[in-house]
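Dear colleague,

I am handing over the structure below, together with notes on what was found in it. Please read the notes alongside the coordinates, and set them against your own inspection.

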Amino acid sequence: MIGETAVPYRVAAGAAEAELKERGSRFLAVVRAASDERGARALVEELRERFPDATHHCFAWRLGHPARERSSDDGEPAGTAGAPMLRVLRGADLSDVVAVVTRWFGGTKLGKGGLARAYSGALDLALARLPTASRVPIVRVRVEVPFERLGAIKALVRPPEITLEEEEYADEEPWLVLRLARRSLPELAERLAAIGCRWTLSDGG
């Protein structure tokens, strides 16, 4: 992992909405930036509360790099909503994003193909309005620091390249969590080795 190339990836940088109507049914697509599953789930719950009269709230999200993915048909026939939406996000090469398509049933069944086209089509319209940006892959490193080397470790902190996210001194041996671009990890690893500190990649990196 230390030697892997870290190229920027495309992320959502805001929010967008679009609506599509198909044979009486209304499909509202909402897309928003999300940095973790908690943020992604928050949009789903927000729309459930905002539109309690809707028939379905189907979603898809991609988070991080490499992307962690999840989708849901929310009661629609399997594979007709969440999976097509996820394919649209993949096709856009987009991560750190959550998409929810809320449907109000109009009385006419669309069939599996029609549903897949409607859900992906609504999301396509929203993505066309979504601001995006490039992001460098980030890692978090947990460093175990003997007290006598604490100053040497803190000297490595150079915002914004390397930032100190957490620190704990309650244990016999303190530890710090450093946040940095993945491309800077080899250099940091060499410096930590020279100081004589153990480190691991922290969860969420």
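Strand S1 (residues 9–12) and S6 pair in the parallel sense over two bridges, where strands are DSSP runs of E with at least two residues, helices are DSSP runs of H or I with at least four, and both are numbered from the N terminus; two strands count as paired if DSSP finds at least two bridges between them. This is a predicted model, in which local features need pLDDT of at least 70 and side-chain atom pairs count only at pLDDT 80 or more, while totals for chains, interfaces and linings use all residues. Residues are numbered from 1 along each chain as its sequence is written, and side-chain values use heavy atoms, with hydrogens and water left out.

The pair belongs to an open sheet of three strands, in the order S6-S1-S8 and with mixed pairing, whose edge strands are S6 and strand S8 (132–135), each pairing on one side only. Within it, valine 11 stands opposite serine 95 in S6. Serine 95 is buried, with a relative accessible area of 4% (buried means under 20% relative accessible area, exposed over 50%, and partly exposed in between, with a 1.4 Å probe and protein chains only). Leaving aside neighbours within four places in sequence, serine 95 is in contact, that is, has heavy atoms within 4.5 Å, with Tyr9, Arg10, Val11, Ala12, Arg62, Leu63, Gly64 and Ala67.

Aspartate 96 sits in the loop between strand S6 (94–95) and S7, and has a positive phi of about 50° although it is not a glycine; aspartate 96 is also buried, at a relative accessible area of 5%. Arginine 23, in the loop between S2 and S3, likewise has a positive phi, near 50°, in a residue other than glycine. For the backbone you may also wish to look at the peptide bond between histidine 65 and proline 66, which is cis with omega about -5°; proline 66 lies in the loop between S4 and strand S5 (68–72).

The other sheet to describe is open and has five strands in the order S2-S3-S7-S4-S5, with antiparallel pairing. Its edge strands are S2 and S5, each of which pairs on one side only, and neighbouring strands are turned by 10° against each other on average, direction ignored. Within this sheet S3 and S7 pair in the antiparallel sense over eight bridges, and the bridge partner of valine 30 in S7 is valine 100. H3 packs on the sheet, touching S2, S3, S4 and S7, and its direction makes about 145° with that of S2; here axes are lines fitted to C-alpha atoms, for helices over the stretch in contact, and angles run from 0 to 180 degrees between N-to-C directions. Helix H1 (residues 37–50) lies across S2, S3, S4, S5 and S7, running at about 165° to S4.

How do the axes of H2 and H3 cross, and within what distance do they come? The two axes come within 8 Å and cross at roughly 35°. In H2, Pro84, Met85, Val88 and Leu89 meet Ala116, Tyr119, Ser120, Leu123, Asp124 and Leu127 of H3. By class, this contact has eight nonpolar, one polar and one charged residues, where Ala, Val, Leu, Ile, Met, Phe, Trp, Tyr, Cys and Pro count as nonpolar, Asp, Glu, Lys and Arg as charged, and the others, Gly among them, as polar.

The largest nonpolar core (a set of buried Ala, Val, Leu, Ile, Met, Phe, Trp, Tyr and Cys residues joined through side-chain atoms within 4.5 Å) has 27 residues, of which Phe27, Val31, Met85, Tyr119, Leu123, Leu127 and Leu130 touch the most other members. The elements that give two or more residues to this core are strand S2 (15–22), strand S3 (25–33), strand S4 (56–63), helix H2 (82–91), strand S7 (97–104) and helix H3 (111–127), and H3 gives the most, with seven residues. Beyond its neighbours within four places in sequence, methionine 85 is in contact with Cys58, Phe59, Ala60, Ala99, Val100, Val101, Tyr119 and Leu123.

Finally, valine 143 in strand S9 (residues 138–144) is buried, with a relative accessible area of 0%. Valine 143 and histidine 56 are 87 residues apart in sequence and 45 Å apart in space, C-alpha to C-alpha.

With best regards
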